[in-house]
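Me: I'd like a close look at one part of this model. Could you pick a pocket and walk me through what surrounds it?

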Amino acid sequence: MMAVLNPRPEPTAPRDYQFPRWTRNSLSNGLQLVIAPVRRLPIVTLNMLIDAGAASEKRGEEGVANLTARALVEGTTRLSGFDLAERFERLGGSLDAGASWDFATLTTTVLSERLQDAFALFSEVLRSPGLPEREVLRLRTERLAGLLQLRAEPRGLADEMLAHFIYREASRYALPEDGSATSVARLGLAEVQAFYKARYKPGGMTLVVAGDVDADTVIALAEQTLGDWPPGAPDRTSADDQAARSTRAVHIVAKADAPQSEIRLGHVGLPRTHPDHFPVMLMNAVLGGLFSSRINLNLREVHGYTYGAFSVFEPRRQAGPFYVSTAVKSEVTGDAVREILLEIDRIRSEGIGSDELSLATSYLDGVFPIKYETTAAIAQALSALVVYGLADDYFDTYRGAVRGVTIADVLTAAANHLHPEALQLLVVGDPAVVGDPVERLAFGPLSVYDSEGTQLSG
Amino acid sequence: MSIAVQSFTLSNGLFVTLSEDHSAPIVAVNLWYHVGSANERPGRTGFAHLFEHMLFQGSANVGANEHFELVQRAGGTLNGSTWLDRTNYFETVPSHQLAIALWLEADRMGQLLPAMTQGKLDTQRDVVKNERRWSVDNQPYGTWWERVPAIGFPPEHPFHHSLIGSMEDLSEASLHDVEQFFATYYTPDNAVLTIAGDFDPSEARALVDKYFGQIPRGAGKPPLGDMSVAPSFGEPRRLVVEDEVMLPRIYLIFRAPVFGTEEHYDASIAGAILGMGKGSRLTRTLVREQQIASEVSVFTFDLAKGADLLVIDVTAQTGVDASILERAIVQQVDAIHERGVTHAEVERAAALIETQFTIAMQSAGDRADKLSMFATYFRDPNLVNAQSERYRKVTAARVSRFARERLGSDNRATLVYVPREVEPADQNLTATSAKST
């Protein structure tokens with residue numbers, strides 16, 4: 001084979017990019033509108049944000065936010081669930097609803113020529129949901145089936161159990177976003193109706209629209225279909241985000257004969273609105289956020305322990321969790337945990353190199369326009385801005401903020417926001433194989449549980 | 001919606017498609033190599049995919065792990081994937097970084113072998129074995145990935161065996177295999193390159209010539225084994241698997257016309273009528289009315305050779321027996337097989353597919369991938385612009401005929417997952433509830 005003499009090329013001059021321009025408007029009943037006209041392809045995304053997330057649930061009713069959101073699309077006072085789905089799908093769209101921690105959403109993407117019809121159905125669903133008991137109970141059964149499936153699904157089980165070991169019992173964050181088997185089993189039509197009545201009010205809603213449409217058209221459609229909805233706003237709520245423990249502990253969830261261990265290491269992180277957001281983002285990118293991050297390169301490319309490993313600070317209004325996540329061959333569970341702990345210690349004590357920072361910075365800076373190719377992604381970005389109350393110029397100043405983070409900022413962020421002394425270690429795996437190696441780590445007191453969370457020993 | 005398409009072929013056989021779109025300052029580079037698990041020799045299942053991993057381990061002028069690093073440093077995203085009959089590699093970068101993306105792809109197409117070492121192969125073998133554990137062995141229903149093609153194609157057929165491969169075969173893979181596979185399949189005449197997004201066509205063409213033009217043509221690849229199969233199974237096939245699952249799941253598999261044919265569009269619409277969206281027949285009846293299923297999906301493998309597979313995938317609701325679920329699925333399939341579909345159903349399905357396609361075409365990476373696909377299978381990337389029209393032309397009569405001819409009991413294979421009987425728990429352990437729920 002001949003030698004190719006082409007040297008590694010340099011980039012040419014970058015072209016300007018602007019996040020799509022968008023505007024704020026409101027209806028007289030308090031419903032907010034955020035509209036970003038984007039005229040690339042003939043489609044429009046509608047994203048209604050409703051202040052009715054899981055964090056606003058009452059204790060004992062965990063799961064009602066998601067159940068209510070999902071019940072919305074199961075029919076209106078006028079249309080049966082099937083008729084609604086059929087009508088909407090004949091417009092080419094699917095109408096999806098769900099609740100996350102901080103808000104519920106009703107969302108769809110349709111061809112712009114079908115926007116008017118879709119908008120009318122969309123508004124009807126919000127204002128006059130049928131909330132039929134039969135469908136509510138079916139959705140409850142489906143959620144319970146999902147939770148049952150989780151018992152045999154190590155990845156999902158690990159995520160669910162980790163939250164339970166990180167947050168204290170009084171915290172809503174200790175239970176799954178969609179509720180637990182016990183809490184969901186208690187829910188019925190009355191709880192769904194009450195939750196809808198308390199939280200689905202125009203004063204607690206923002207409609208985010210992105211795509212091939214102008215602001216005036218959206219405002220007119222919103223006025224027409226939602227404008228005479230009587231005003232009102234839901235109560236303000238705030239989730240408890242306190243930790244279960246301030247010291248390390250090991251939690252093994254037994255799965256006999258598991259060929260792999262699902263490993264999670266985590267603690268309470270920080271609220272999305274924390275002023276250290278950007279330094280923490282860069283720090284995490286170097287630690288475990290990118291493919292070329294320390295944890296992934298160490299566990300995957302140096303040791304071949306895993307198909308992949310990452311770390312994340314989950315964004316929420318209150319402090320979401322920080323955790324490292326990976327799945328490794330059972331025999332190397334102890335070694336993998338040791339390497340992760342080393343990486344956490346190393347980034348706190350030694351800081352990072354300028355080449356590592358520049359990789360993370362240039363990646364996050366450069367990939368910015370690539371993240372917003374679709375109307376759904378633009379609507380989602382604007383939704384985050386609304387939900388977390390970010391500044392209106394957030395997306396215009398984002399790249400500068402990323403580039404402004406220094407090595408010293410990253411070191412400070414690691415020192416202040418990584419808490420190795422408070423880490424909870426969770427392993428879903430075979431106790432016969434992982435028990436001894438994990439014990440030898442001398443990480444902390446060890447307990448063993450079954451897949452239901454029942455403690456077996458420790 | 002019309003996607004710009006301009007194609008040419010280099011003298012070494014590399015088929016190139018350029019698709020300009022200046023709506024954002026980004027550009028996607030996408031390569032399809034016309035090789036997949038179907039090309040593996042006996043005893044080397046999983047090798048095409050293991051080889052894909054090796055392509056990220058550097059090349060003559062690129063260090064180990066540098067491929068990922070250089071693209072990310074350029075502000076780009078990247079990955080690769082392996083399928084039964086193709087392997088693709090792709091990156092989306094800010095448009096002023098087009099050259100580095102092309103240079104990286106050309107360096108590994110032209111000069112991969114100098115960077116290959118036993119140590120890298122051993123590490124990637126371990127990574128892939130962990131990928132297998134993660135996606136197949138330690139995942140409920142995870143073996144469906146290999147069981148569906150295994151039941152859908154006869155044992156000697158190139159699509160029959162596992163794509164992710166067996167642990168034994170992965171252990172056997174050697175550096176010699178890497179060299180041979182590279183020389184045979186990773187040649188410009190067995191690849192297509194697509195560039196989609198914000199670029200200047202003459203500059204892009206010059207870069208392609210400069211970086212790829214001097215890579216020598218291959219010596220030709222051995223033909224695939226016999227791809228032909230009868231249009232239907234002939235007799236019913238059935239496999240029941242006990243697995244670490246909580247709820248039964250049923251896969252009902254049909255041999256289907258190959259991807260790209262007129263009839264394949266009928267098959268897609270039939271599949272969408274059965275299982276796409278809440279208005280589909282299976283979701284309406286099994287999930288909503290009878291409440292015996294918790295999840296429904298219907299999909300095709302999109303295989304362009306031999307035959308495709310149309311697959312119905314339904315998970316039971318809690319407490320529902322697999323046999324009851326199976327009977328109900330069969331009843332719905334019988335209904336469309338015997339009585340056909342309505343115009344309104346075809347319209348609903350076509351509208352959903354059209355919206356989905358338009359949504360996907362917003363992304364430069366997705367556009368490039370579709371263009372590469374049509375270029376690889378049909379040497380005609382322009383087919384991307386014919387898709388909406390071809391779906392719209394499908395009529396109720398066509399779908400009904402497809403259902404009559406292809407969805408009968410002579411063309412059904414059934415794969416059933418049932419929960420494994422659990423041994424009684426150890427009574428000596430003291431159980432105290434740790435969860436507050």
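Reply: Here's a tour of the second largest pocket, then the domains around it, and last a stop at one arginine.

Bear in mind that this is a predicted model. The second largest pocket holds about 460 Å³ of space. Its lining is made up of 24 residues, and those closest to the pocket centre are A:D51, A:G204, A:R236, A:R317 and A:V387. As for secondary structure, strand 3 (43-50), strand 6 (205-211) and helix 14 (375-387) of chain A are the elements that each give two or more residues to that lining. If you sort the lining by class, you get 11 nonpolar, 9 polar and 4 charged residues.

Now the domains. Chain A splits into domain 1 (23-226) and domain 2 (249-457), and the contact between them takes 31 residues from domain 1 and 38 residues from domain 2. Their C-alpha centres sit 29 Å apart. Both of them feed the second largest pocket, with at least three lining residues coming from each.

Finally, A:R151. You'll find A:R151 in the loop between helix 4 (133-150) and helix 5 (154-166) of chain A. A:R151 counts as buried because its relative accessible area is 14%, and the cut-off for buried is under 20%. The side chain of A:R151 makes a polar contact of 3.2 Å with the side chain of A:E160. Skipping neighbours within four places in sequence, the contacts of A:R151 are A:L157, A:E160, A:M161, A:S451, A:E452 and, over on chain B, B:M246.

Notes
Residues numbered from 1 in each chain as written. Chains lettered and ligands numbered in written order. Predicted model: local features only at pLDDT ≥ 70, side-chain atom pairs only at ≥ 80, totals over all residues. Heavy atoms only, no water. Helix = DSSP H or I, 4+ residues; strand = E, 2+ residues; numbered from the N terminus. Buried < 20%, exposed > 50% of the residue type's maximum accessible area, 1.4 Å probe, protein only. Polar contact = N/O pair within 3.5 Å; in protein donor to acceptor, adjacent residues only side chain to side chain. Contact = heavy atoms within 4.5 Å. 1 Å grid on protein atoms, 1.4 Å probe; cavity = no way out; pocket = protein on both sides within 12 Å on 5 of 7 lines; lining within 4 Å. Points joined across faces, edges and corners; volume = space filled by probe spheres on them. Nonpolar A, V, L, I, M, F, W, Y, C, P; charged D, E, K, R; others polar. Domains from an automatic or database assignment.
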